[in-house]
Structures are given as C-alpha cells and as structure tokens.
Amino acid sequence: MRTHGLMPQLQSVYRRHHSTETALLKVLSDIYAAIDRQQVTLLGLIDLSAAFKCVDHNILLRRLRDKFGICRSALDWIASFSHGRVQQVFYKGRLSYKLELLFGVPHGSGLGPILFLLYIAELFDVISACGFVAHSYADDTQVYIGTPASDHSDAMRRHSDSITLIRDWMANNLLKLNEDKTQVIWLGTRQQLSKITAQSLTAERHSTVHKQR
C-alpha cells in the first residue's frame, strides 16, 4: 500500500516519518500561507467517540476489497483477524461470561490501527468535496479553509454544511461524531480578524466560534 500510494496522505499516525510534529507543521504552514494572502483561516477540530471500538467488520472488509484491492487470501486473513474475538472480565477470582465482539479492531495490535485508518480514509474525500482541507492524527481531524475576511459568513455556512455531511458519513459507517469535543476557531492577524462579526455557527447543535490572533 505504501508502494502504490494508497495510504491516506494527510494522516500523520502509525506511519514512518509521520508524527504529531508533522501534522502540526502542515496545518500551521497552511495557516501562515493564508495570512500571507491576507486571508483568515476557519479551523474545525473534529473528534470521534470510541472510534476504534465502532469499526464494523463487514464494512471494513468490503472497503478493503473494493477501494484498496485487498482480496483472496489476504482478505481472508484480515477477516480471521477481525472476527471471532471475545471479551471477558476477571473480578474477585471469577470470570464473567464471554461476550462476542461484533465491532472494533484491537487498538494495541500492529494491524488494528492500520485497518482503522483504511476504514476512515474515505472521510478525506467527503471533506475535500466540501472545499476544505483535512489533516488527521488517528481519530482527531483538523478541517480548515483559508478565505478573505469579507467572505467569512460564506465560509461558516460551508463549514456547517461540511459538519452535517461528516456526521452523515459517520452515521452510515456506524461511527459517531463527538460534538461535545468539536471546536471551531478563526485564525489570522488582528487586522483581518477585526473584520469578522459572526460569533457562532450551527450544524444541529450550537458551536461557539473563537478568534485567535
């Protein structure tokens, strides 16, 4: 997958030469470039709830086959890795009943996190179709766009629409947007930010927009 460039290019986790540092540098570079163009940046911080635990095995296997071309024995191996797992609790010298895990990938394994990245890779296409740039570190995603301050109302409307599409995509893939941790912020120079008057945007739930100089 690395050889053929199939891994999400703007995902900075579980990959060689990628880290929180490279994610920070990419996003900051884009923000500074917008400032050089006399623009402000609307940045949304998107968080998923219990993301690794919500991966649907059937959707995962179908996506691996249809989007990434993994088939035959390789797909069978991944199916074997994903299915048939159970969970059990040991407490006060006694074991609970075994509970079959119908969803999720093992977080501490070598393969589980990679499978999660491939499961949510399509989210980048959804965000790009809205005209925004996305950069992720595992299940934390930055969604942003540079725009002239005079067009800030339109940017906020488009951002609200993108959040709705992201929520719908997550629901269709049995994931959940953690709206309590989702934040939005304006970034730019003091002069450009002074031209922004709108203070909030609404998807379905209200989110406060902050300004950062």
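## Surface patch

Patches are made of residues with over 30% relative accessible area and no salt bridge, nonpolar side chains being joined within 5 Å. In this predicted model, Leu24, Leu28 and Tyr32 form such a nonpolar patch on the surface. Together the three residues have about 290 Å² of accessible area.

Leucine 24 belongs to helix H1, which covers residues 20–36. Because exposed means over 50% relative accessible area, leucine 24, with a value of 52%, counts as exposed.

## Overall architecture

The protein has seven helices and 10 strands. Along the principal axes, its C-alpha atoms fill a box of roughly 60 × 45 × 30 Å. Of the 213 residues, 43% count as buried.

The protein exposes about 12200 Å², and carbon and sulfur atoms supply 52% of that area. Among contacts with a separation of 6 or more, 70% are accounted for by residues 24 or more positions apart.

## Nonpolar cores

The largest nonpolar core comprises 49 residues, and those with the most contacts inside it are Leu64, Phe116, Met170 and Trp186. Several elements each supply at least two residues of this core. The helices among them are H2 (57–66), H3 (72–82), H4 (112–119), H5 (122–129) and H6 (152–172), while the strands are E1 (40–47), E7 (140–147) and E8 (183–187). The largest share, six residues, comes from H6. Apart from this core lies another, of six residues, including Val27, Ile31, Leu43 and Tyr144.

Leucine 64, one of the residues with the most contacts inside the largest core, also illustrates how such contacts are distributed along the sequence. With its neighbours within four places in sequence left aside, leucine 64 is in contact with Gly69, Ile70, Leu75, Ile78, Leu115 and Leu118.

## The E6–E7 hairpin

Strand E6 (residues 133–137) and strand E7 run antiparallel and are joined by five bridges. One pairing links histidine 135 to glutamine 142, its bridge partner in E7.

The two strands form a hairpin with two residues between them. In the turn, alanine 138 has a positive phi of about 60°. Strand E7 thus takes part in the hairpin with E6, and E7 also supplies at least two residues of the largest nonpolar core.

Methods. Residues numbered from 1 in each chain as written. Predicted model: local features only at pLDDT ≥ 70, side-chain atom pairs only at ≥ 80, totals over all residues. Heavy atoms only, no water. Patch = residues over 30% accessible without salt bridge, like charges linked within 9 Å, V, L, I, M, F, W, Y side chains within 5 Å. Areas by Shrake-Rupley, 256 points an atom, 1.4 Å probe, with all protein chains shown as cover. Salt bridge = Lys/Arg side-chain N within 4 Å of Asp/Glu carboxyl O. Helix = DSSP H or I, 4+ residues; strand = E, 2+ residues; numbered from the N terminus. Buried < 20%, exposed > 50% of the residue type's maximum accessible area, 1.4 Å probe, protein only. Core = buried A, V, L, I, M, F, W, Y, C linked by side-chain atoms within 4.5 Å. Contact = heavy atoms within 4.5 Å. Pairing = 2+ DSSP bridges.
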